[in-house]
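Visitor: I've got a structure to look at and plenty of questions. Could you walk me through it?

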Amino acid sequence: MTFTPNAGSPHRPPATHLYTRFCAFLSKISLMLAIVGLLALILSVQTQVIGRYVFNDTPTWTEALALQLVLYITALAVAVGVRDAGHIGLESLVTLLPESMRLKVELLIHALIALFGAIMVSSGWLWTRLKWDELDPLLGVPAGLDYLALVIAGVLIVMFSFEHILALLRGEEVVPAWH
């Protein structure tokens with residue numbers, strides 16, 4: 001693969017290859033799952049509030065479920081943020097660089113984000129395996145599910161970072177999936 005810069009244009013055409021379409025699909029699904037999770041989180045907290053103040057009997061599972069949902073909502077949202085370039089960046093400084101330097105810095109940024117995602121996968125998988133045989137006493141599910149969110153987010157972050165790297169090398173830009 002070679003980089004073919006746009007002559008004089010700071011904007012790159014949108015990436016449309018198969019891998020980008022697949023990542024856009026995963027991003028949309030992740031966002032939809034995060035929204036469903038957010039709705040379930042609201043219902044869980046409302047159940048807890050109603051149980052406490054209306055029936056004077058707080059269900060014990062609601063808080064544990066809410067915490068579990070927060071982990072997965074956050075994991076999915078972070079991954080979608082990486083794909084849609086919603087992560088914290090120094091774009092104002094990168095845009096001031098010459099085009100040849102800008103490409104190298106953008107590639108480095110996405111490679112470092114991919115490395116971070118790979119570390120998340122590795123450490124998350126280690127903790128998932130270590131905690132899988134323990135049961136969460138309130139939900140009755142494996143405690144390793146808490147750490148599986150790291151694995152899912154990490155895999156998506158690596159995939160989405162690789163998508164950005166491919167697009168940069170092809171002189172394209174990844175367009176957010178929700179556009």
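## A walk around the helices

Guide: Happy to! Here's one thing to spot right away: where helix 1 passes helix 2, the crossing is left-handed. Keep in mind that this is a predicted model.

Visitor: How many helices and strands are there in the chain?

Guide: Try reading along the sequence: the pattern goes α-α-α-α-α. Counted up, that's five helices and zero strands.

Visitor: Back to that first pair, then. Are helix 1 and helix 2 roughly parallel or roughly antiparallel?

Guide: Start with how they pack: the axes of helix 1 and helix 2 are 8 Å apart, and the angle is about 155°. An angle over 145 degrees counts as roughly antiparallel. Helix 1 and helix 2 are therefore roughly antiparallel.

Visitor: What about helix 4 and helix 5: roughly parallel or roughly antiparallel?

Guide: Helix 4 covers residues 99-131, and its axis lies 7 Å from that of helix 5, at an angle of about 160°. That angle makes the two helices roughly antiparallel.

Visitor: And which hand does the crossing of helix 4 and helix 5 have?

Guide: Picture helix 4 passing helix 5, with their axes 7 Å apart. The crossing there is left-handed.

Visitor: How far apart are the end C-alpha atoms of helix 2?

Guide: You can work out what to expect. Helix 2 runs over residues 61-83, which is 23 residues, and at 1.5 Å a residue it should span 33 Å. The model agrees, with the end C-alpha atoms of helix 2 at a separation of 33 Å.

Visitor: Let's try helix 5 too. How far apart are its end C-alpha atoms?

Guide: The same kind of reasoning works here. Helix 5 has 25 residues, so at 1.5 Å a residue it should span 36 Å. That agrees with the model, where the end C-alpha atoms of helix 5 are 37 Å apart.

Visitor: Which residues does UniProt list for "transmembrane region"?

Guide: This comes from the record, and the entry is unreviewed. In the model, residues 107-127 are 100% helix, with end C-alpha atoms 30 Å apart. Residues 147-169 are 100% helix as well, with end C-alpha atoms 33 Å apart. The full UniProt list is residues 22-45, 65-86, 107-127 and 147-169.

Visitor: Now for the rings. How many aromatic pairs does a search of the whole structure find, and is the pair of Tyr19 and Phe162 stacked or edge-to-face?

Guide: The search turns up two aromatic pairs. In the pair of Tyr19 and Phe162, the ring centres are 5.7 Å apart and the planes sit at 75°, so the pair is edge-to-face.

Visitor: How many residues apart in sequence are the parts that this pair ties together?

Guide: Tyr19 belongs to helix 1 (residues 18-53), while Phe162 belongs to helix 5 (residues 145-169). Tyr19 is partly exposed at 23% relative accessible area, and Phe162 is partly exposed at 42%. The parts tied together by the pair are apart in sequence by 143 residues.

Visitor: Is Ala15 buried or exposed?

Guide: Look for Ala15 in the segment before helix 1. In space its C-alpha is 9.1 Å from that of Leu166, although the two are 151 residues apart in sequence. Buried means under 20% relative accessible area. At 10%, Ala15 counts as buried.

Visitor: And Arg83, buried or exposed?

Guide: Arg83 has its place in helix 2. From C-alpha to C-alpha, Arg83 and Val158 are 9.7 Å apart, with their positions 75 residues apart in sequence. The relative accessible area of Arg83 is 1%, so it is buried.

Visitor: What is the phi of Asn56?

Guide: Most residues other than glycine have a negative phi. Asn56 sits in the loop between helix 1 and helix 2, and it is exposed, with a relative accessible area of 71%. Its phi is a positive value, near 55°.

Visitor: Last one: which residue with a positive phi comes just after helix 5?

Guide: For a similar spot, check what follows helix 2: Ala85, with a positive phi near 55°. Just after helix 5, a positive phi of about 75° is taken by Gly171.

Note on methods:
Residues numbered from 1 in each chain as written. Predicted model: local features only at pLDDT ≥ 70, side-chain atom pairs only at ≥ 80, totals over all residues. Heavy atoms only, no water. Helix = DSSP H or I, 4+ residues; strand = E, 2+ residues; numbered from the N terminus. Expected span 1.5 Å × (residues − 1). UniProt positions renumbered as here; feature names shortened; annotations may be inferred. Phe/Tyr/Trp six-rings, centres within 6.5 Å; stacked < 30°, edge-to-face > 60°. Buried < 20%, exposed > 50% of the residue type's maximum accessible area, 1.4 Å probe, protein only. Axes fitted to C-alpha atoms, helices over the stretch in contact; angles between N-to-C directions. Parallel < 35°, antiparallel > 145°, perpendicular 65-115°, else oblique. Left-handed = near helix turned anticlockwise from the far one by under 90°.
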